Amino acid sequence: MKYKNMGTFDAGVVTAPSTGAAAPQKFQAMDAAAIANGGAFLQSELEKRDNVIRQPLTSFTYGRDLPVRVGGGWAEYVSAMNVEYGVAGGSEDGPVHAGGANGIPMVQANFDKELFKTHIFSVGMRIMFVDMQRGNMTGRSYESILRDGVRMTYDKHVDANAYVGIKKYGSTGLINNPNVTTTNASSTGTGSSTKFKDKTPNQILQDINDAILAVWETAEYDRSAIPNHILMPYEQFNYLATTRVSELAEKTILTFLLENNVSKQNGTDLYIGAASWCKGAGAGGTDRMVVYINAERFIAMDELAPLNRAMTQPNAANVCYDTAYLANISEVQMYYENIMRYVDGI
């Protein structure tokens, strides 16, 4: 059992099972048919009810992989101000001053505002009056069950928004931004393979360090812009986490990578984690590794209006109570162009 995105669905009307056209039976007949049923009536009376309601198995990790800021209301856009500086002659030679000079270069600033789209999440919940009354007999709240479904639907939606965006809305996420530079993993594995499982720990470390250094170089080696977050499919992550560096070593490849990567050596702790969205996300359906800076200065997503119960009203025509839940969410906001790199074919 897993979470199903059903789309528009008519659940119909729930009715009691039909007893057929036979006349009601006034007493229990102990005939051959009754004896042959194996005591089904008695078994139904002796059942033990399991009070646990098992919900669908699913996961959402968006809160781990990028900052989610709360607040802002029902805005249509999120804006971010950028500034660039310049000086005549450049910062290397321009500011050099000499005696008798009749002027000095002036610092100039160029401002730019970037807009990021938001969208409204809305979902309804309908509880039939009769079901509410029946809940008093069973001791289970139908409203509570549906409310959990609303929350799961919301988390699944935000998870998709964070990693791949909303395609119909024209937004992208962490793993499919067209502005991010995409490279292939080096073909240094067995038989010129690019896959991690065909490479030595040192070759995997080289792939990771190459991606980290490529991002850091485009940031002019700013000490605050050292990549600190890597995502990959579960298959590759579990391979690294459970495979030892060698037959004689106790450390896994993952531990080796976390202790020896270039980010660690420059004072930044690197996180390596798994995300199901990376599976098949690369060119030609290959698996993708995402290397980036997970910090609010560089990347974020806004939950401008958190999921809330907007309104509830009785519906006499359908003998029910209708409730609307709403939220306002932004697309993933990448504030710098070169703080991320995709590595395909791992």
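Helices (H or I, at least four residues) and strands (E, at least two) are DSSP runs, numbered from the N terminus. Keep that handy for what follows. This is a predicted model, where local features need pLDDT of at least 70, side-chain atom pairs count only at pLDDT 80 or more, and totals for chains, interfaces and linings use all residues. Residues are numbered from 1 along each chain as its sequence is written, and side-chain values use heavy atoms, with hydrogens and water left out.

**Exercise 1. Place Val319 and describe its backbone and surroundings.**

Step 1: find the spot. Valine 319 sits in the loop between strand S8 (299–315) and strand S9 (320–330).

Step 2: check its cover. Buried means under 20% relative accessible area, exposed over 50%, and partly exposed in between (1.4 Å probe, protein chains only). Valine 319 comes out as partly exposed because its relative accessible area is 45%.

Step 3: look at the backbone. Most residues other than glycine have a negative phi. Valine 319 is not a glycine, yet its phi is positive, about 55°.

Step 4: look at the company it keeps. Val319 joins Met128, Phe129, Val130, Met132 and Tyr321 in a nonpolar patch on the surface, and together they have about 480 Å² of accessible area. Here's the patch rule: take residues with over 30% relative accessible area and no salt bridge, then join like charges within 9 Å, or nonpolar side chains (Val, Leu, Ile, Met, Phe, Trp, Tyr) within 5 Å. The areas come from the Shrake-Rupley method with a 1.4 Å probe, and for residues only the protein chains shown count as cover. Helix H5 (residues 129–138) supplies the largest share of the patch, three residues.

**Exercise 2. Find another residue with a positive phi, and say where it lies.**

Step 1: go to tyrosine 221, which has a positive phi of about 55° although it is not a glycine.

Step 2: place it. Tyrosine 221 belongs to the loop between helix H7 (201–218) and strand S5 (229–232).

Step 3: check its cover. A relative accessible area of 44% is why tyrosine 221 is called partly exposed.

**Exercise 3. Go through some salt bridges and compare how covered the partners are.**

Step 1: get the idea. Side chains of opposite charge can pair when their charged atoms come close. The cut-off used here is a side-chain nitrogen of Lys or Arg within 4 Å of a carboxyl oxygen of Asp or Glu. The whole structure has 14 salt bridges.

Step 2: take a pair of chain neighbours. Arginine 64 and aspartate 65 meet through their side chains at 2.7 Å, N to O. Arginine 64 is partly exposed at 30% relative accessible area, while aspartate 65 is buried at 0%.

Step 3: take a pair within a helix. Glutamate 143 bridges to arginine 147, with the closest N and O atoms 3.5 Å apart. Both lie in helix H6 (residues 142–163), four residues apart, which is about one turn of the helix. Glutamate 143 is partly exposed at 25%, and so is arginine 147 at 35%.

Step 4: take a covered pair. Lysine 199 and aspartate 207 have their closest N and O atoms 2.4 Å apart in a salt bridge, and both residues are buried.

Step 5: look for a network. Arg69, Glu296 and Asp302 are linked by salt bridges into one.

**Exercise 4. Describe the second largest pocket and the largest cavity.**

Step 1: learn the rule. On a 1 Å grid over the protein atoms alone, a cavity is a set of points where a 1.4 Å probe fits but cannot get out; a pocket is an open set with protein on both sides within 12 Å along at least five of seven lines; lining residues have an atom within 4 Å of a point. Grid points are joined across faces, edges and corners, and a volume is the space filled by probe spheres set on the points.

Step 2: take the pocket. The second largest pocket holds about 990 Å³ of space. Its lining has 32 residues, with Asn82, Tyr335, Tyr336, Glu337 and Asn338 nearest the centre. Strands S2 (77–87), S3 (107–128) and S10 (333–334) each give two or more residues to that lining, and S2 gives the most, six.

Step 3: take the cavity. The largest cavity has a volume of about 30 Å³. Its lining is made of Ser59, Phe60, Thr61, Asp159, Tyr234, Ala275, Ser276 and Trp277.
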